[in-house]
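Reader: I've got a chain here and would like to talk through its salt bridges and its core. Can we take it step by step?

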Amino acid sequence: MIYKTLEQTDLHLLHSAFVAAFSDYQVTMDIAFKDFQQMMRRRGLASELSVGAFHDEKLIGFSFTGLRLQNGLLTAYDIATGIAPEYRKQGITSEIFMRESALLKDKHVRQYMLEVIKENLPALRLYQKQSFQIQREFSCFQIDKSRLILCSKYNTEKTNAIHWEQGKAFWDFEPSWQNSVASISATPEAFITVIARFNDEIAGYGIIEPKTGDIPQLAVNPKFRRLGIGTSLLAELTMNTEAEKIRVLNIEASQNTVVKFLTTLGFEHFVSQYEMILPIR
C-alpha cells in the first residue's frame with residue numbers, strides 16, 4: 001500500500017474512488033462527475049492536504065480535505081473519507097488519518113472538522129479514538145415537492161447577492177461547513193437567492209440549489225417572525241428547483257423553533273449527524 005497526497009491525481013480518478021467507496025453508504029452518494037467537481041470546489045478541496053491510499057496504482061482509499069479560516073482559526077474539513085468495500089478493516093483509515101494529521105500540523109492548521117452520521121457507529125468510534133470531539137448534532141429534513149403546499153403572503157424577489165453582515169444578524173446558529181457563506185460564495189452560479197421585504201425592509205432570505213433542491217440557508221429577521229415570511233420564502237424557493245425533493249440539511253438539533261417550522265410544513269427527519277472537531281497542537 002502506498003500513501004501520498006493527491007495534488008498529482010486527476011480529479012476523474014478521485015471521482016471514481018469516491019463513487020466506489022460510497023457505493024453501499026447509508027445516504028445515496030452516486031454523483032455525476034460534474035456535480036462531484038462542483039462539490040469539491042464548494043467545500044474548498046485542498047488536494048495537497050488530502051491523502052490517498054494506492055494499491056497496484058489504484059486509489060482505493062482517501063481523505064479529501066478542505067481548508068479555510070473558520071472563526072479566525074485555520075481549519076481543515078474532512079469533505080469525505082472512504083475506503084473501497086473490499087479493502088476495509090485493514091487499518092487503512094487509521095493510517096490515512098495519521099498521515100493527514102501530520103500534514104495539517106506541518107501547515108499550522110489549528111483544527112480538523114468533520115461530520116459523521118449519528119448511526120454510523122464504526123466511523124463514530126474511529127473518530128473518537130482519533131480524539132475528535134462532538135461539537136454539535138445536526139438534523140436533516142426532506143419532503144417531496146409535490147407534498148409541499150405553501151401559501152405565500154408576501155412578495156419575494158430574486159437577488160444576485162446577500163449583504164452577509166446583515167444576513168448573519170438573522171441567524172440562530174452558525175451554518176455547517178457545506179452551508180457556510182464561504183461554500184455558497186465558492187460556487188455562486190449553483191444557487192438562487194430570494195429575499196422578502198416588509199415595509200421596504202429586508203425581512204428574510206433563502207438560498208436554494210436548483211438542481212438538487214437543497215436549501216443551505218433560510219433565515220428571517222427576528223422582529224418579523226411568525227408572520228409568514230419564512231413560508232413565503234420557502235414557496236418561492238420551491239418554485240425555483242427542478243428537484244423532486246426539497247431538503248434542508250444540518251439544522252442544529254437544539255433549534256426547536258426551526259425544527260417545528262419544518263415539521264409543521266410536513267418535512268420529515270431522515271438522518272442525524274454529529275459535527276466533530278480535533279484540535280491540532
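Reader: Is K223 buried or exposed?

Author: First, a quick note: this is a predicted model, where local features need pLDDT of at least 70, side-chain atom pairs count only at pLDDT 80 or more, and totals for chains, interfaces and linings use all residues. Residues are numbered from 1 along each chain as its sequence is written, and side-chain values use heavy atoms, leaving out hydrogens and water. Buried means under 20% relative accessible area, exposed over 50%, and partly exposed in between (1.4 Å probe, protein chains only). K223 has a relative accessible area of 54%, so K223 is exposed.

Reader: Which residue meets K223 in a salt bridge?

Author: A salt bridge here is a side-chain nitrogen of Lys or Arg within 4 Å of a carboxyl oxygen of Asp or Glu. For K223 the N to O distance is 3.1 Å, and the other side chain is that of E201.

Reader: And why does the bridge between R136 and E252 tie together distant parts of the sequence?

Author: Their closest N and O atoms are 2.8 Å apart. Strands (E, at least two residues) are DSSP runs, numbered from the N terminus. R136 lies in β6 and E252 in β11, so the pair joins parts whose separation in sequence is 116 residues.

Reader: Which residue is linked with R136 and E252 in a network of salt bridges?

Author: R136 and E252 are both buried. The residue linked with them in the network is E275.

Reader: How many residues are in the largest nonpolar core?

Author: Such a core is a set of buried Ala, Val, Leu, Ile, Met, Phe, Trp, Tyr and Cys residues joined through side-chain atoms within 4.5 Å. I251 and F267 are among those with the most contacts inside it, and the core's residue count is 23.

How values were computed: Helix = DSSP H or I, 4+ residues; strand = E, 2+ residues; numbered from the N terminus.
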